[in-house]
Amino acid sequence: MRAAVAAVAAVLATFLPAPARADNPIVQTVYTADPAPLVHNGRLYVYTGHDEDGSTYFTMRDWRVYSTTDMANWTDHGSPMSLATFSWASADAWAGHVTERNGRFYWYVPVKNRATGRMAIGVGVSSSPTGPFTDAIGRPLVENGEIDPNVLIDDNGQAYLYWGNPNLWYVRLNTDMISYSGSPTQIPLTTAGYGTRTGNPNRPTLYEEAPWVFKRNGLYYNVFAAECCSEYIAYSTAPGPTGPWTYRGTIMPRQGGSFTNHAGVVDFNGGSYFFYHNGALPGGGGFTRSVAVERFTYGSDGTIPAITMTTAGPPQAGTLNPYVRQEAETTAWAAGVETEPTSGGGITIANTDNGDYLKIKGVGFGTGATSFQARVASGTSGGRIEIRLGSPTGTLAGTCTTGGTGGWQNWTTITCPITGATGTQDLYLRFAGGTGYLLNLDWWQFSASGDGNLLVNSGAENGTDGWQVFGAGSLSASTSVVRSGTRSLAISGRTAAWNGPAQDLTGRLTNGATYRTNMWVRSQSGTPSAKVTLAVTTATTTGYVQLTPATTVSTGGWTLLTGSATVAWTGALSRAALYVETTAGTDGLYLDDASLQ
Ligand code: FUB
C-alpha cells in the first residue's frame with residue numbers, strides 16, 4: 001500500500017497546493033480493520049486487524065496496536081500478536097477484542113482451527129497492553145464455527161464472552177478469563193430485540209456480526225454490524241447482560257467503500273468515541289480497509305446519535321509537547337512511509353522516499369524552538385529531514401541532514417537549528433534527497449532556550465544535585481550505565497516499594513495545570529514495575545497523583561515512563577514531591593533524561 005499512498009502523495013505534491021491532511025483514517029502505513037478500543041492508564045489503545053495489501057478476501061495474518069493521548073496523534077506499537085501465536089490456527093486473524101483484568105490483558109480473537117477447519121475463538125495474554133501476547137491456553141477457548149468475540153466484565157465481576165455470525169452467543173467466563181462455566185448460550189434474535197430484515201428468510205433480524213457489548217449508566221448496549229451487504233452499524237439495549245434486548249436503530253449508515261463495518265465504542269478523557277472501518281485509503285475497499293474514529297455525545301436518555309464518517313476525525317485534546325523525546329511513529333498522518341521494528345525492540349519510520357512526510361498535529365512550540373534533534377540511520381547515502389510548519393510545503397523552520405550510517409539499524413543523532421517555530425502548529429517532517437530509501441527515523445525532539453522542564457539536573461550530568469531520596473536508599477551518579485551524556489542517577493538500598501529518587505517541586509507547580517512526565521528508567525536487578533508519583537501535601541491531607549502509569553523495567557535496557565496528569569490541590573500547598581517508585585519490591589534503579597513540563 002505504501003507505493004499507492006506515495007504515488008498519490010507525489011501527484012498531489014506536483015499538481016495541487018499542499019493539502020491540510022485529514023486525520024481519518026487514523027493509520028496510513030497499512031490497511032487496518034475491526035477496531036477494538038481500550039482505555040488503560042490514561043492512554044486510549046486501539047487493537048486492529050490487518051488487511052494484507054492487494055487482498056481479494058479477508059486475508060489477515062496478524063493484529064496491530066495503536067495508541068493516543070490526544071485523539072489526533074497515534075503511536076504505532078507494531079504487531080504483538082499473529083497467527084503464529086496460536087500453533088493450532090491456520091488462517092484468518094479476524095476481529096478481536098482486548099480486555100484487562102488484574103493487570104493482565106486478554107485478547108480474544110477468531111481464527112481458523114487447522115484441525116477442524118472451523119472458526120474458533122482463541123485467547124492471547126500479556127502483562128502489557130502492547131504485548132507481546134502469548135497463547136493463554138494453547139487451544140481454542142470455544143469453537144462453534146462463529147466469529148467476532150467481545151467481552152464485558154460486569155460491575156459484579158462476572159465476565160461474559162459474546163460472539164457470533166450468523167447467531168449471537170454468550171458464555172460466562174470464569175475470573176481467570178481463560179475458561180468458562182456453563183455452556184455457550186444463544187441470545188434469541190427476535191425482531192423486537194434486533195430489528196426486522198426483509199428478503200432473507202434465513203436471517204429475519206438485522207443482526208449480522210461484530211457485537212460490541214458494553215454497560216453505561218446501568219444500561220447494556222450491543223452495537224453491531226447489521227444486514228450484510230453492505231453493512232451498517234446499529235444497536236440494541238437491555239436492562240441486563242443477557243437481555244431482553246430492544247432494537248434502538250441505526251448509528252452509522254452504509255458509507256465509505258467497504259461492504260463490512262465493525263464498531264468499537266469507548267469513553268476517554270470526558271469524550272465518547274466511535275471507532276469503525278471503511279475503504280477510504282488509496283487502494284482501499286472491502287478487503288483493504290482502514291480504521292477511523294469520530295467523537296459523539298450520548299443523548300440524555302442514553303441514546304447513541306447518528307454518526308457519519310468524516311475525514312477530519314475528532315478534535316485534538318491538548319497539544320503535543322515537542323520538547324520531550326517523541327517517537328517518530330507518533331503521527332496524525334504518515335504519507336508514503338512504512339513502520340518497522342528496530343533492533344532495540346522499538347518501532348521506526350522506514351522506507352522514506354523523497355517527498356514522503358509525517359504530519360504531527362497540534363505541536364505546542366510556545367515561545368519558540370531553537371534546535372531539532374533526530375535519531376536516524378541510513379543504509380544508503382542518507383538524506384534530509386525538512387522541518388516544515390502548517391503543511392508539507394509550509395514554512396521551512398530548519399533542515400537536518402545525515403549521510404549514510406552504514407546500515408538501517410546503525411543509529412546516529414543529528415541536530416540542526418530551528419527558526420520560526422512558535423505557538424501551536426501542525427509539524428511536518430518531510431524527507432528529501434535522491435532516489436531510493438533515504439533514512440530511518442526513530443525519534444525526534446526540539447529544544448528551546450527555556451524548554452519548560454521543571455526538573456533540575458534532569459540527566460544527572462551534575463551528579464546527584466537537585467535529587468533527594470523519598471524514604472530510604474542512597475543516591476549516586478553512575479558513569480557505567482547511562483542513557484545519554486556521561487551520567488545517570490542510581491539509587492540502591494531501597495527498603496520499600498515507595499522509596500525512590502525524588503525532587504521537591506514545591507513552588508514549581510501551577511494549581512490545576514496538566515503536566516507531561518518523561519523519565520527513562522532501568523532496573524539494577526529484577527523486572528519491577530516502575531512509575532512516577534507526585535505526593536501533594538496541604539495542611540489537611542496528602543494526595544498522590546500518578547504522573548505515569550506503572551511500566552515494567554528491566555536490567556537489559558532503558559524504559560520510558562511517560563504520562564500526562566492534571567495536578568490540583570485545595571488550600572495552601574505545603575509540599576509537592578515527585579518520586580520514582582515501584583509497585584512492589586526494592587530493586588535498585590537507574591534514571592536518566594527526566595522531564596516534567
Ligand atoms: O475482518 C474480518 C471480518 O470482517 C470480521 O471478523 C468481521 O467483523 C468483518 O469486519
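So, the ligand: one of its oxygen atoms sits 2.5 Å from an N or O atom in the side chain of Asp 148. On the other carboxylate I want to show you, Asp 34, a polar side-chain atom lies 2.4 Å from a ligand oxygen. There's a backbone contribution as well, with an N or O atom of the Ala 95 main chain 3.4 Å from an oxygen of the ligand. How much of the ligand does the protein bury? Taken alone it exposes 270 Å², and 99% of that gets buried by the protein. Before you set anything up from those distances, remember that this is a predicted model.

The ligand has 13 residues around it, and the closest are Asp 34, Met 60, Asp 148, His 262 and Arg 289.

Okay, moving to the packing. The largest nonpolar core has 45 residues, and the ones touching the most other members are Tyr 47, Trp 107, Val 223, Phe 274 and Ile 304. Which strand gives the most to this core? That's S8, residues 104–113, with four residues. There's another core too, lying apart from that one, with 32 residues, including Ala 374, Ile 385, Ile 414 and Ile 418. In general, for soluble globular proteins, nonpolar side chains tend to be buried together.

Let me pick on Ile 304 for a second. Once you drop residues up to four places away in sequence, Ile 304 touches Phe 214, Tyr 221, Val 223, Tyr 235, Ile 251, Phe 296 and Tyr 298.

Now charges. How many salt bridges does a search of the whole structure find? The count is 17. One to look at is Glu 208 with Arg 197, where the closest N and O atoms are 3.0 Å apart. Glu 208 is in strand S16, residues 207–216, while Arg 197 is in the loop between helix H2 (191–194) and S16, so the pair ties together parts that are 11 residues apart in sequence. Buried or exposed, that Glu 208? At 7% relative accessibility, Glu 208 counts as buried, because the cut-off is under 20%. Arg 197 is buried as well, with a relative accessible area of 7%.

Glu 208 has another partner: Arg 203 forms a salt bridge with it, closest N and O atoms 3.4 Å apart. Arg 203 is also buried.

Elsewhere, Arg 325 bridges to Glu 327 at 3.3 Å between the closest N and O atoms, and both of those residues are buried. And then there's a network, with Arg 384, Glu 386, Arg 388 and Arg 430 linked by salt bridges.

Next, a couple of serines. Ser 378 is in strand S29, residues 371–378, and Ser 378 is buried at 0% relative accessibility. Where does the Ser 378 side chain reach? It goes to the backbone oxygen of Leu 438, at 2.7 Å. Leaving aside neighbours within four places in sequence, the contacts of Ser 378 include Gly 403, Gly 404, Gly 406, Gly 407 and Trp 408.

Ser 488 is in strand S37, residues 488–492, again at 0% relative accessibility and buried. The side chain of Ser 488 reaches the backbone oxygen of Val 481 at 2.7 Å. Beyond its neighbours within four places in sequence, Ser 488 is in contact with residues including Ser 476, Ser 478, Trp 558, Tyr 590 and Asp 592.

Last bit, the backbone geometry, for anyone who wants to check torsions. A cis peptide bond joins Gly 131 and Pro 132, with omega about 5°, and Pro 132 is in the loop between strands S9 (119–126) and S10 (134–135). There's also a cis bond between Cys 229 and Ser 230, omega again about 5°. Ser 230 is in the loop between S17 (219–226) and S18 (232–238).

Then the positive phi values. Met 71 has phi near 70°, and Met 71 is not a glycine; you'll find Met 71 in the loop between S3 (60–68) and S4 (74–76), buried with a relative accessible area of 3%. Asp 92 also has a positive phi, about 70°, in the loop between S6 (89–91) and S7 (97–101), and Asp 92 counts as buried at 8%.

And to finish, Gly 318. Gly 318 is exposed, with a relative accessible area of 52%, in the loop between S22 (290–296) and S23 (326–327). The C-alpha atoms of Gly 318 and Thr 69 are separated by 9.0 Å, and those two residues are 249 residues apart along the chain.

Note on methods. Residues numbered from 1 in each chain as written. Predicted model: local features only at pLDDT ≥ 70, side-chain atom pairs only at ≥ 80, totals over all residues. Heavy atoms only, no water. Core = buried A, V, L, I, M, F, W, Y, C linked by side-chain atoms within 4.5 Å. Buried < 20%, exposed > 50% of the residue type's maximum accessible area, 1.4 Å probe, protein only. Helix = DSSP H or I, 4+ residues; strand = E, 2+ residues; numbered from the N terminus. Contact = heavy atoms within 4.5 Å. Salt bridge = Lys/Arg side-chain N within 4 Å of Asp/Glu carboxyl O. Near = heavy atom within 4 Å. Polar contact = N/O pair within 3.5 Å; in protein donor to acceptor, adjacent residues only side chain to side chain. Areas by Shrake-Rupley, 256 points an atom, 1.4 Å probe, with all protein chains shown as cover.
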